[in-house]
Each structure stands twice: as C-alpha cells, then as structure tokens.
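Trainee: I'd like a close look at one small part of this model, and then at what lies around it. Could you walk me through it slowly?

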Amino acid sequence: MAIAKAERLMNLALCLLGTRRPLSKRELRGSIEAYLEASTDDSFNRMFERDKDDLRELGLVIETVEALDGEIGYVARGDSNRLPPITLDAEEAAALGLAARVWQQARLAGAASGALQKLRAAGMPETEESYEERPGALEPRIPVHEAAFEPLMLACRDRRPVVFAYRKANAARPEQRTVEPWALECWRGHWYLAGHDRDRGAERVFRLSRITGRVRARTGGYTAPVPDVVTVRETVATWAGETATRTALIRLRSGCGYPLRARAVAVRELGDGWDELEIPYGHGLDAWLVEFGPDAVVLEPADLRADVVDRLRAVAKG
C-alpha cells in the first residue's frame with residue numbers, strides 16, 4: 001500500500017511539473033492509472049485532495065488557477081519549485097539551526113528538521129558545537145496553542161482564501177469572515193493574522209485566539225494585491241492604540257484595571273474609591289475599555305465615551 005501511494009504521488013508530481021498549463025481534475029484523473037481505478041467520483045476526489053495536500057507538505061508548490069469557464073486547474077511551475085544555489089557560512093548555518101528549534105508544535109518541528117537535513121545535504125556547513133550539547137544554553141520557544149495556526153500557515157503559504165468564525169472582543173457571538181491571508185506573526189505572546197477581509201473590502205488583523213471552529217480553505221485566487229511588506233506588528237499596535245496621538249481621561253475604580261494603570265501617564269486619586277487616569281488614546285481603545293465593564297468610565301473625549309457606550313449597549317442586547 002505504501003509503495004502504491006508513493007508511486008501515485010510521484011505520478012501526480014510529474015504531471016503537475018511537466019505541464020505547461022494548469023490541468024483540471026478530469027485531465028489528471030485520465031492521466032494517472034491509480035485515479036482511473038477509483039470506483040466513484042467521490043473516492044477519486046478524496047484521493048486527489050489527500051495527494052495534493054501530501055505533496056504540498058513535502059514542499060511542492062502547487063498553484064490553483066481558475067479558468068475563464070470557471071473550471072479549476074493545477075500546476076507546479078518549475079521556477080517556483082527550484083532552489084537557487086545555497087551558500088551559507090558557519091554563523092548563518094548556526095542561526096538556521098537555532099531557528100529550527102524554536103517551534104514547540106510537533107508538526108512544525110518535523111518540517112524544520114527535514115529542511116535542515118536537505119540544506120546539509122546541499123552543502124550547508126555543520127556547526128562546531130550544537131545547542132543540544134551546550135550546557136545551560138538558552139533555548140527560545142514560540143508556543144502555538146491555537147488550532148487555527150496550522151491551516152492559516154498553509155493558506156498563507158499557498159495563497160488560498162479561508163473562511164472562519166471570528167468573535168470580536170466586544171461581540172457576544174462570532175461572525176463568519178472570508179479572508180485572503182497574507183502573514184502570521186507573534187506579538188506580545190499572541191498570534192495574529194494579517195490579510196484582506198473580503199466582507200469589509202479592506203486590510204484587517206485577526207487574533208488567532210478569537211477564531212472559533214474550523215478554518216476552511218476556499219478555491220480560487222486572491223482578489224486584492226498582497227503587499228510587498230506586511231507590517232503585522234505595526235497594524236496591531238495601531239489597533240491597540242499604541243500609536244496614540246491623543247489622551248483620554250478615564251475614571252477607574254480603585255484596585256481595578258491594572259493593565260490600564262500600567263499605561264497611564266498620570267494618576268490622580270478622586271476619593272470614594274475612584275481614581276482618574278490619563279491614558280494615551282488611539283484606535284481600538286474603546287474595545288479594550290469595554291472589557292473593564294462598570295469599573296471604567298470615560299470622561300473625555302466625548303467621541304470615545306460615545307463609542308464605549310455603543311459597544312456596551314450592543315453587548316447588553318446580545
């Protein structure tokens with residue numbers, strides 16, 4: 001069975017690499033003997049989708065192209081699947097080795113290990129002292145707990161649109177979002193996805209911990225251009241109000257809201273169990289203030305106060 005699958009994968013890879021134009025499922029089924037032997041269309045479709053995902057996991061870049069008649073075709077272009085000559089010095093090789101050990105997620109750890117083996121086989125120099133053998137060496141880790149991370153990582157790599165349910169900080173229920181994913185980045189202990197939100201027609205950043213349910217891939221290409229540089233951290237910082245140009249005046253209950261107090265540039269005791277805080281004010285502060293409920297009251301500016309009240313009313317209505 002293993003030999004049969006390996007032969008099927010090799011035949012599919014050769015078909016995709018050897019064609020000058022995208023091939024449809026129908027054409028691929030007629031070209032590969034194992035697919036011809038499939039008893040039904042459903043069994044062929046399941047087999048083909050598994051094989052395509054397996055080849056992508058092995059590193060083959062398979063493009064999905066939609067023809068004018070709406071039929072989907074597949075091709076693996078040679079220029080996308082050919083590595084340039086690799087020349088790394090010992091320090092660069094050591095940096096790659098360290099980066100490969102960052103991931104805690106088992107599946108990514110295996111992929112990183114396999115990539116290192118291929119680079120070493122291509123002539124990458126071995127480091128004199130490995131981090132595994134160095135006593136007391138610092139070992140960086142990037143934790144990945146969200147189930148959405150892996151499908152989104154693959155979607156970013158393959159340039160595939162996705163659909164998922166997303167719950168905003170002030171929303172009682174999640175809502176469906178259709179996104180063209182660009183990049184993933186870890187910022188202050190949380191993972192974020194940047195991409196084009198088709199429903200809003202604009203760039204958006206999504207926190208992975210707020211994605212509920214499965215991330216489902218969609219066929220077809222992107223409808224918006226992908227930026228040359230995706231600044232996830234800068235975008236998240238802007239939405240979090242960290243690029244603030246104004247100051248908000250907040251009344252905060254004593255002994256509460258320590259994250260707000262840490263950001264405050266000035267704190268005054270008002271008495272009766274309340275303090276007054278001056279906080280840098282930027283986009284997204286209203287959503288954050290809602291999380292403190294009745295312990296935080298916006299005094300100024302008026303537009304921020306109105307936004308917070310609107311969000312609280314929306315939560316109350318469910």
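Let's start with valine 75: does it count as buried or exposed?

Mentor: Valine 75 counts as buried, because its relative accessibility is 1%. The cut-offs are these: buried means under 20% relative accessible area, exposed means over 50%, and partly exposed is in between, with a 1.4 Å probe and protein chains only. Before we go on, keep in mind that this is a predicted model, where local features need pLDDT of at least 70 and side-chain atom pairs count only at pLDDT 80 or more, while totals for chains, interfaces and linings use all residues. Residues are numbered from 1 along each chain as its sequence is written, and side-chain values use heavy atoms, with hydrogens and water left out.

Valine 75 belongs to strand β3, which covers residues 72-75. Helices and strands here are DSSP runs numbered from the N terminus: H or I for at least four residues makes a helix, and E for at least two makes a strand. What does valine 75 touch? Leaving out residues up to four places away in sequence, the list is Leu16, Thr19, Arg21, Pro22, Val61, Ile62, Glu63 and Val65. Contact means heavy atoms within 4.5 Å. As for Val65, the C-alpha atoms of valine 65 and valine 75 are 7.9 Å apart, with their positions ten residues apart in sequence.

Now for the strand next door. β2 (residues 63-66) and β3 run antiparallel and are joined by four bridges; two strands pair if DSSP finds at least two bridges between them. One bridge links glutamate 66 to isoleucine 72 in β3. The hairpin of β2 and β3 has five residues between the strands, and there glycine 70 takes a positive phi near 90°.

Isoleucine 72 also brings us to serine 24, which sits in strand β1 (residues 23-24). Leaving aside neighbours within four places in sequence, serine 24 is in contact with Glu71, Ile72 and Gly73. Serine 24 counts as buried too, because its relative accessibility is 4%.

Right beside valine 75 in the numbering is Tyr74, and this one has aromatic company: Tyr35, Phe44, Phe48 and Tyr74 form one aromatic cluster. Rings of Phe, Tyr and Trp (its six-membered ring) pair if their centres lie within 6.5 Å; planes under 30 degrees apart count as stacked, over 60 as edge-to-face and the rest as tilted. The whole structure has eight aromatic pairs. Take tyrosine 35 and phenylalanine 44: their ring centres are 5.2 Å apart and the planes stand at 75°, so this pair is edge-to-face. Both partners are tucked away: tyrosine 35 counts as buried at 0% relative accessibility, and phenylalanine 44 is buried with a relative accessible area of 4%.

Let's step back to the rest of the chain. There are eleven helices and twelve strands, and 35% of the 318 residues count as buried. Among contacts with a separation of 6 or more, 54% are between residues 24 or more positions apart.

For another piece of strand architecture, look at the open sheet of five strands, which has the order β7-β6-β5-β4-β8 and antiparallel pairing. Its edge strands are β7 (202-207) and β8 (211-217), each pairing on one side only. β6 (residues 190-197) and β7 pair over six bridges in the antiparallel sense, and aspartate 197 stands opposite alanine 202 in β7.

Helix α7 (residues 149-158) is largely enclosed by the rest of the structure, because seven of its ten residues are buried. Those buried residues are Phe149, Glu150, Leu152, Leu154, Ala155, Cys156 and Asp158. Just past the helix, arginine 159 is found in the loop between α7 and β4. Arginine 159 has a positive phi of about 55° although it is not a glycine, and it counts as partly exposed because its relative accessibility is 39%.

Aspartate 272 makes a good companion to that one. It has a positive phi of about 60°, again without being a glycine, and its place is in the loop between β10 (266-271) and β11 (274-281). At 79% relative accessibility, aspartate 272 counts as exposed, whereas valine 75, where we began, is buried at 1%.
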